[in-house]
Amino acid sequence: MEWTALPRAFGLFLATAVAELVGCYLPLLWLTGKASAWLLVPAAASLMIFVWLLTLHPAASGRVYAAYGAVYIATALGWLWIVDGITPTWSDYAGVGLALLGAAVIGFGQRAG
């Protein structure tokens, strides 16, 4: 991946992660009795958007999905803080940093080889 493509890829990964989180969170609300079954409709729509967004990723490869995984981890911790109201711990931040660093090594390491 080239440096100039990084902002677009990161934005796409972030949108994909949010769609996946919403698509999984809404059924959880219904299953735990905190919301109506009607939430399954937007949940299904969100998961369809998630799948569509996956088709926009640069390539369907292990490297791309590894990088997406790191952004998903970071987005999930943001979700934990914003939606669930739980402040991440130092180890959460360290884990996200390591995941993003690992994704950078995977994504940019191929250029060095």
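Trp-79 counts as buried in this predicted model, with a relative accessibility of 17%. Its ring pairs with that of Tyr-25; the centres are 5.2 Å apart and the planes stand at 75°, so the arrangement is edge-to-face. Because Tyr-25 belongs to helix H1 and Trp-79 to helix H3, this pair ties together parts that lie 54 residues apart in sequence. Tyr-25 itself is partly exposed, at 21% relative accessibility.

**Aromatic pairs**

- The whole structure contains 3 aromatic pairs.
- One of them joins Phe-13 and Tyr-68 edge-to-face, with 6.1 Å from centre to centre and 70° between the planes.
- Since Phe-13 is in helix H1 and Tyr-68 in helix H3, that pair connects parts 55 residues apart in sequence.
- Phe-13 is buried, with a relative accessible area of 4%, and Tyr-68 is also buried, at 8%.
- Phe-13, Tyr-68 and Tyr-72 are linked into a cluster by ring pairs.

**Helix H1**

- Helix H1 covers residues 6–31, a total of 26 residues.
- Its end C-alpha atoms are 37 Å apart, which agrees with the 38 Å that 1.5 Å a residue would give.
- The buried residues of H1 include Leu-12, Phe-13, Ala-17, Glu-20, Leu-21, Gly-23 and Leu-26.
- Helices H2 (40–55) and H3 are what the buried residues of H1 pack against.
- Gly-33, which follows H1, has a positive phi near 75°.

**Helix H3 and Tyr-72**

- Helix H3 runs through residues 62–82 and has 21 residues.
- From first C-alpha to last, H3 reaches 30 Å, close to the 30 Å expected at 1.5 Å a residue.
- Among the buried residues of H3 are Val-64, Ala-67, Tyr-68, Val-71, Leu-77 and Trp-79.
- Tyr-72 also lies in H3, but this residue is partly exposed, with a relative accessible area of 24%.
- Apart from neighbours within four places in sequence, Tyr-72 is in contact with Ala-17, Glu-20 and Leu-21; these three are among the buried residues of H1.
- The C-alpha atom of Tyr-72 is separated by 17 Å from that of Leu-26, a residue 46 positions away along the chain.

**Helix H2 and Ser-46**

- Ser-46 is located in helix H2 and is buried, with a relative accessible area of 8%.
- Leaving aside neighbours within four places in sequence, Ser-46 is in contact with Ala-19, Val-22 and Gly-23.
- Of these contacts, Ala-19 and Gly-23 appear among the buried residues of H1.

How values were computed:
Residues numbered from 1 in each chain as written. Predicted model: local features only at pLDDT ≥ 70, side-chain atom pairs only at ≥ 80, totals over all residues. Heavy atoms only, no water. Helix = DSSP H or I, 4+ residues; strand = E, 2+ residues; numbered from the N terminus. Expected span 1.5 Å × (residues − 1). Buried < 20%, exposed > 50% of the residue type's maximum accessible area, 1.4 Å probe, protein only. Contact = heavy atoms within 4.5 Å. Phe/Tyr/Trp six-rings, centres within 6.5 Å; stacked < 30°, edge-to-face > 60°.
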